Amino acid sequence: MTFTLAIVGRPNVGKSTLFNRLAGKRLAIVDDTPGVTRDRRMAEGRIADLEFRLIDTAGLEEGDPGSLSDRMRKQTEAAIEEADIAVLLYDARVGLTTMDEHFAKLLRRSKTPIILAANKCEGKFIQQGVYEAYALGMGDPIALSAEHGEGLGDLYQAIVDKLQEIGIDPYAEEEIDEEAERRAREANTGPEEGDLNYEFEDPEDEEEEVKPLRLAIVGRPNAGKSTLINELIGEDRMITGPEAGLTRDSIGVDWEWDGLPVRIYDTAGLRKQAKISEKLEKLSVADTMRAIQFAEVVVLLLDAELGVEKQDLKIAERVVEEGRALLIVLNKWDAVENRLEVQRAFEDALTRSLPQIKGVKTVTLSALTGKGLQRLMPAVEEVYETWNARVPTAAFNRWLHEKLEKHPAPSVNGRRIKMRYGAQIKTRPPTFAIFCNLPDDVPDSYVRYLENELRRDFDLPGVPLRFIMKGSANPYEGRRRKNK
């Protein structure tokens, strides 16, 4: 991607709809409620052969210093400063408003080139709303329908024209690809005779691209998730404040820790299901659940001052059900007086309610002050490595036979369960298949016994373990001799 494009405008003009359209997938939450987007969201955008970095922003609103509107506006201003081009979107059905005119003046004072776009231009009676935009003095407005994908060709041309004005070549990446193809053709034809300086790259020498570790931060509202991410990456990337439920979208942020690329997902707070009634909050919760599904490590952030509640355990249980690596962080640890009592209460609640993840790792810190923060990422890396652990087949079968001798599988309806052999069939989380004669009759209690023993003997604490019982064919079935 050769440039960055930011979408700005007052609330409820369709910025997130256009963002999703250009990103080619439903990333941002879209609702009729004004002010759904609060943090700035980034993705890879595309129109035909034009690829770029895309930023969705909060609605431009004025507010008192320190208010939520003021914090949202600062996030939008940061996006405008970061972008090479900004698309100022307004609602053609409503026409220009005083707020549109106010922020058009604000944008004209910035150094970022602006493309004016009229959204919601589905009908033929919207022309008046388009013509009104000439009063802003920002050139010809582009008529769009983000919901239906109309007018993207005009937006494509406007972006290309604006890039040429500021000296950015939108096709620079394609030229690099053509050069690579030329070199590949030369490599295939071989060097000219007498050309002793001919060199070409060996594809086997190229390093594989390192994929970022996907890390999701989840928890109840106001636990300090956005504050923790801001402290980790060292900038005010997420909106924070005393208000509960500030984050609505699951926002991904690219970061690097000790040479390891990390993509951190800030998520909306998860309340009890019975308390969720508004459609917008339901969409936010669904977005958080998707973030858990796509994450590799999930940090469950708890408010140490409030202690462990049933909702925290429900969230942890959901993470385990999804098979993600879990790390529990007790935040606001600096404000806790009786720390030993709080930690014991937490460990007791975890042991009683989540026996399937014995040994889950915990970290105590203060996201606000940064105290103890240096312990977080080493713990994340340790949990991630355990989640990717692999047990050799020979070692697993020796272990299985030892456990069967020590505690044989029970009989079912007078028939013995015979476990013959097994192997690890996948990681992330570690999953094991055991072949036996009665796979459907193995009691859950015996599976838990194997799980606990395996976790202890192979040092696999705090990650979900999966056991799959498979039937093994009898090699002598159907070969019995018939009596003559």
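Where in the chain does asparagine 12 lie? Let's start there, because it's a friendly way into this structure, and keep in mind that we are looking at a predicted model. Asparagine 12 sits in the loop between β1, residues 4-8, and α1, residues 15-23. Its phi is near 65°, a positive value in a residue other than glycine. If you are new to backbone angles, here is the background: most residues other than glycine have a negative phi. Asparagine 12 is also partly exposed, with a relative accessible area of 35%.

Now hop along the chain to another asparagine. Asparagine 222 is not a glycine, yet its phi is positive, about 65°. You will find asparagine 222 in the loop between β7, residues 213-219, and α7, residues 225-233. Its relative accessible area is 35%, which makes asparagine 222 partly exposed.

Let me step back and give you the overview. The protein chain has 13 helices and 17 strands. Of its 484 residues, 48% count as buried. The chain exposes about 26,200 Å², and carbon and sulfur atoms supply 46% of that area. Then there is the question of who touches whom. Take the contacts between residues at least 6 apart in sequence: 71% of them join residues at least 24 apart.

Next, a helix we have already brushed past: α7. Is it mostly covered or mostly open? It is mostly covered, with 7 of its 9 residues buried. Those buried residues are Lys225, Ser226, Leu228, Ile229, Asn230, Leu232 and Ile233. What do they pack against? Their partners are β7, β8 (251-257), β9 (260-266), β10 (297-303) and α11 (376-387). Just after α7 comes glycine 234, with a positive phi of about 80°.

On to charges. Side chains of opposite charge can pair when their charged atoms come close. How many salt bridges does the structure hold? The count is 17, and I'd like to show you three of them.

The first on my list is between aspartate 91 and lysine 120, where the closest N and O atoms are 3.2 Å apart. This pair links distant parts of the chain: aspartate 91 is in strand β4, residues 85-91, while lysine 120 is in the loop between β5 (114-119) and α4 (127-131), 29 residues apart. Aspartate 91 counts as buried, at 6% relative accessibility.

The next one joins arginine 220 and glutamate 309, with the closest N and O atoms 3.0 Å apart. Here, too, distant parts of the chain are linked: arginine 220 lies in the loop between β7 and α7, and glutamate 309 in the loop between β10 and α9 (310-321), 89 residues apart. Arginine 220 is at 11% relative accessibility, so it counts as buried. Glutamate 309, at 35%, counts as partly exposed.

The last of my three is between the side chains of aspartate 457 and lysine 403, at 3.1 Å from N to O. Aspartate 457 is in helix α13 (residues 444-457) and lysine 403 is in helix α12 (residues 393-406), so this pair ties together parts that are 54 residues apart in sequence. Aspartate 457 is partly exposed, with a relative accessible area of 36%, whereas lysine 403 counts as buried at 7%. And this bridge has company: salt bridges that share partners join Lys403, Glu453, Arg456 and Asp457 into one network.

Now let's turn to the surface patches. Which residues gather in a patch of negative charge? They are Glu256, Asp258, Glu381 and Glu385. Glutamate 381 belongs to helix α11, and at 32% relative accessibility it counts as partly exposed. There is a patch of positive charge on the surface as well, where Arg415, Arg416, Lys418 and Arg420 gather. Lysine 418 is in the loop between β14 (415-416) and β15 (419-426). With a relative accessible area of 43%, lysine 418 is partly exposed.

One more stop before we finish. Most peptide bonds are trans. So what kind of peptide bond joins arginine 428 and proline 429? It is a cis bond, with omega about 0°. Proline 429 is found in the loop between β15 and β16 (431-436). Thanks for listening, everyone!

Methods:
Residues numbered from 1 in each chain as written. Predicted model: local features only at pLDDT ≥ 70, side-chain atom pairs only at ≥ 80, totals over all residues. Heavy atoms only, no water. Patch = residues over 30% accessible without salt bridge, like charges linked within 9 Å, V, L, I, M, F, W, Y side chains within 5 Å. Areas by Shrake-Rupley, 256 points an atom, 1.4 Å probe, with all protein chains shown as cover. Salt bridge = Lys/Arg side-chain N within 4 Å of Asp/Glu carboxyl O. Lys, Arg positive; Asp, Glu negative; His and termini not counted. Charge placed at Lys NZ, Arg CZ, Asp CG, Glu CD. Helix = DSSP H or I, 4+ residues; strand = E, 2+ residues; numbered from the N terminus. Buried < 20%, exposed > 50% of the residue type's maximum accessible area, 1.4 Å probe, protein only. Contact = heavy atoms within 4.5 Å.
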